[in-house]
Amino acid sequence: MRLKETIATVALLLSGSIVAQVDTSQTIRLDLDRAIEIALSDNPTIKIADMEIERVDYSKKSAWYALIPNVEGTVQYSKYVLPATMALAGLVIELPTDFNAAGTLNASLPLFAPTLWHSIKMTTLDMQSAVEKAKASKINLRNEVTKAYYNVLVAQDSYKTLKDGYALAQKNQETAKKSFDVGIVAAYDYLSAEVQVKNLEPTLLQAENGIEQAKMYLKVLVGINAAQPVEVSNTLADFESGIVTVFSLDELELENNTDLRQLDIQKQQLDRSLLLQRSLRMPTLAAFSNYSYGGTGNKAGLNFFTGEMSPATVDWFSQGLLVGLQLNVPITSIFTNTAKEKQLKIQSSELSLQRDYTKDGLRVQAISALNNMNKAVRQVEAAKQSVQLSDTAYFIASKRYENGTGTILELQNSSLAVTQAHLSYHQAIADYLNAKADLEKLLGVEPER
C-alpha cells in the first residue's frame with residue numbers, strides 16, 4: 001500500500017508541471033471495463049510486451065533464413081603503383097603488368113544439419129515464451145487496474161458514508177441545542193454533540209484526500225495524464241448482485257496460470273537445449289560451389305622475348321566452376337559436450353521441482369482467495385442486516401432523545417453505529433471483489449482486448 005501511495009504522490013507532483021498541456025475542462029468517465037480497455041491499449045508495460053513478441057518473430061524468421069542457400073560474391077582489383085620487375089640472368093626486367101582483377105562467387109547449402117533444426121525449434125519456443133509473458137502482463141495489469149478501481153469506489157463510498165455520518169452529527173447537535181435552549185438538557189449534551197461534529201471534520205478531509213490518491217494511482221496504471229480529471233461511474237453497491245459462491249476447492253484449475261505455463265515453456269526450452277547440445281556430436285553435411293573469373297591488364301611496352309613493341313592488352317580467364325560436398329565430423333567436442341549435457345539435465349530436474357513447489361504455493365493462494373470470497377459473502381449479508389438494524393436503532397434513539405427519555409450518549413452511539421455499519425457493508429463488498437480479482441489472476445483468466 002505504501003508503494004501505491006508513493007506512486008500516486010509522485011504523479012501528483014509531476015502533474016503540476018504538465019497541467020497546462022491537459023484540457024482540464026473535459027472529464028473522463030470510467031467504468032471498470034473502460035479502464036481496463038484503456039490500460040491494455042496505453043500502458044507502457046503492454047506496449048513493451050507486444051514489441052518483444054515482434055522482436056522474437058523477427059528472430060524466428062532469421063533462423064529459418066539459414067536454410068536458404070547462402071551466396072557470397074567477392075570482387076578484387078589491384079593496381080601496380082610501381083612497375084613489376086623480374087630478375088633474369090643478372091638483369092632486372094620491368095614487366096608490363098598494369099593491374100590484376102578477379103571475381104569469385106561462392107554458394108553453400110546445408111543438407112544435414114541437426115543443430116540448425118533444433119535452433120529453429122528453439123525460436124518457436126522463444127515465441128511461445130514471449131506470448132505467454134505478454135499474456136501475464138495483461139493479466140497482472142488487469143488485476144492491478146481492477147483493484148485500483150475498487151479502491152476508488154471504496155474511497156468514494158466511504159467518503160459519502162462519513163459525510164452522511166457528519167450530517168447525522170450536525171442533526172444531533174441541532175437537536176441538543178434546541179433542547180438546551182429550552183432548558184430540557186444540560187450544557188454537556190450540547191457541547192458533547194458539538195465535539196462529535198468537530199471530531200468528524202478531519203476524518204472527512206482525510207477521506208477526500210484518499211479519493212484523490214486512489215484516482216491518481218488508477219490514472220497511473222491506466223495511462224491517463226495525472227492532471228486529467230477522472231470520474232468513475234459505479235458504486236460498490238452496483239457489484240452486489242455478482243456476489244455469489246461459484247467455486248469449490250475441487251474446481252480450482254491452475255493449469256492456465258501464467259507462472260506455471262512459463263515454467264512449462266522453460267522446461268521445454270531446457271529439453272530442446274539438451275537435444276541441441278547432443279546434436280553437436282553429429283556430423284554435418286553441406287553442398288558448396290565456387291566460380292571464379294579473373295584477368296590481368298598489360299601496358300604497351302617492349303617484349304623482352306621478341307624485341308618488338310607490344311600493344312596494351314587485357315587477358316581474361318576463367319578458373320572454372322567447382323561443386324562438391326563438405327562433411328564435418330566432430331571429434332574432441334564429443335567428449336567436451338558431455339559435461340554441458342549433464343548440466344542441462346540437472347537444470348531440467350531443478351525446474352521440475354520448482355514447478356511442483358510453485359503449483360503448491362499457488363494452490364494455497366487460490367484456496368485463500370476462495371475462502372476470502374466465501375467469508376466476504378457472509379460479511380455482506382451480515383453488514384446489510386446491520387445497516388437495517390442500525391438505521392432503526394438510530395430512529396428510536398433520536399425519538400427517545402427528542403422526548404427527553406434518552407441520553408446524548410445513546411444518540412451519539414447510535415449515529416456512530418449507522419456510520420460503522422455502512423462502512424462495514426462497503427468494505428465487505430470490496431473484500432469480495434478484491435479476492436475475486438486475485439483468484440481470476442491465479443486461474444489465468446485473460447482479459448479481452
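Visitor: Which helices each supply at least two residues of the lining of the second largest pocket?

Guide: Three do: α4 (114–181), α5 (187–222) and α8 (408–443). Helices here are DSSP runs of H or I with at least four residues, strands are E runs of at least two, and both are numbered from the N terminus. One caution: this is a predicted model, in which local features need pLDDT of at least 70 and side-chain atom pairs need 80 or more, while totals for chains, interfaces and linings use all residues. Residues are numbered from 1 along each chain as its sequence is written, and side-chain values use heavy atoms, leaving out hydrogens and water.

Visitor: Which helix gives the largest share of the lining?

Guide: α4, with 5 residues.

Visitor: What makes a residue part of the lining of this pocket?

Guide: An atom within 4 Å of a pocket point, where a pocket is an open set of points on a 1 Å grid over the protein atoms alone, fitting a 1.4 Å probe, with protein on both sides within 12 Å along at least five of seven lines. Asn151, Val154, Ala155, Ser158 and Leu162 meet that rule. Thr203, Gln206, Ala207, Gly210, Leu423 and Gln427 meet it too.

Visitor: How much space lies in the second largest pocket?

Guide: About 250 Å³. That volume is the space filled by probe spheres set on the points, which are joined across faces, edges and corners.

Visitor: How many residues of the lining are nonpolar, polar or charged?

Guide: The split is 5 nonpolar, 6 polar and no charged residues. Gly210 is in the lining; Gly counts as polar, alongside everything outside the nonpolar set (Ala, Val, Leu, Ile, Met, Phe, Trp, Tyr, Cys, Pro) and the charged set (Asp, Glu, Lys, Arg).

Visitor: Why is the pair Lys79 and Asp98 called a salt bridge?

Guide: The rule asks for a side-chain nitrogen of Lys or Arg within 4 Å of a carboxyl oxygen of Asp or Glu. The closest N and O atoms of Lys79 and Asp98 are 2.7 Å apart, so the pair qualifies. Lys79 sits in strand β2 (residues 70–79) and Asp98 in strand β5 (residues 97–112), 19 residues apart.

Visitor: Why does Lys79 count as partly exposed?

Guide: Buried means under 20% relative accessible area, exposed over 50%, and partly exposed in between (1.4 Å probe, protein chains only). Lys79 has 47%, so it is partly exposed. Asp98 has 18%, so Asp98 is buried.

Visitor: How many salt bridges does the rule give?

Guide: The count is 18. Another of them joins Glu440 and Arg142 at 3.4 Å, N to O. Glu440 lies in helix α8 and Arg142 in helix α4, 298 residues apart. Glu440 is partly exposed because its relative accessibility is 24%.

Visitor: What do Arg355 and Glu255 tie together?

Guide: The two side chains meet in a salt bridge at 3.2 Å, N to O. Arg355 is in helix α7 (residues 333–402) and Glu255 in the loop between β6 (230–232) and α6 (258–279), so parts 100 residues apart in sequence are tied together. Arg355 is buried at 15%, whereas Glu255 is partly exposed at 35%. Both belong to a network of salt bridges with Asp264 and Lys359.

Visitor: Why is Ser390 called buried?

Guide: Its relative accessible area is 7%, so Ser390 falls under the cut-off. Ser390 is placed in helix α7. It touches Ala417, Val418 and Ala421 (heavy atoms within 4.5 Å), not counting residues up to four places away in sequence.

Visitor: What share of the protein chain counts as buried?

Guide: Of its 449 residues, 36%. The chain has 8 helices and 10 strands. Among contacts with a separation of 6 or more, 85% join residues 24 or more positions apart.
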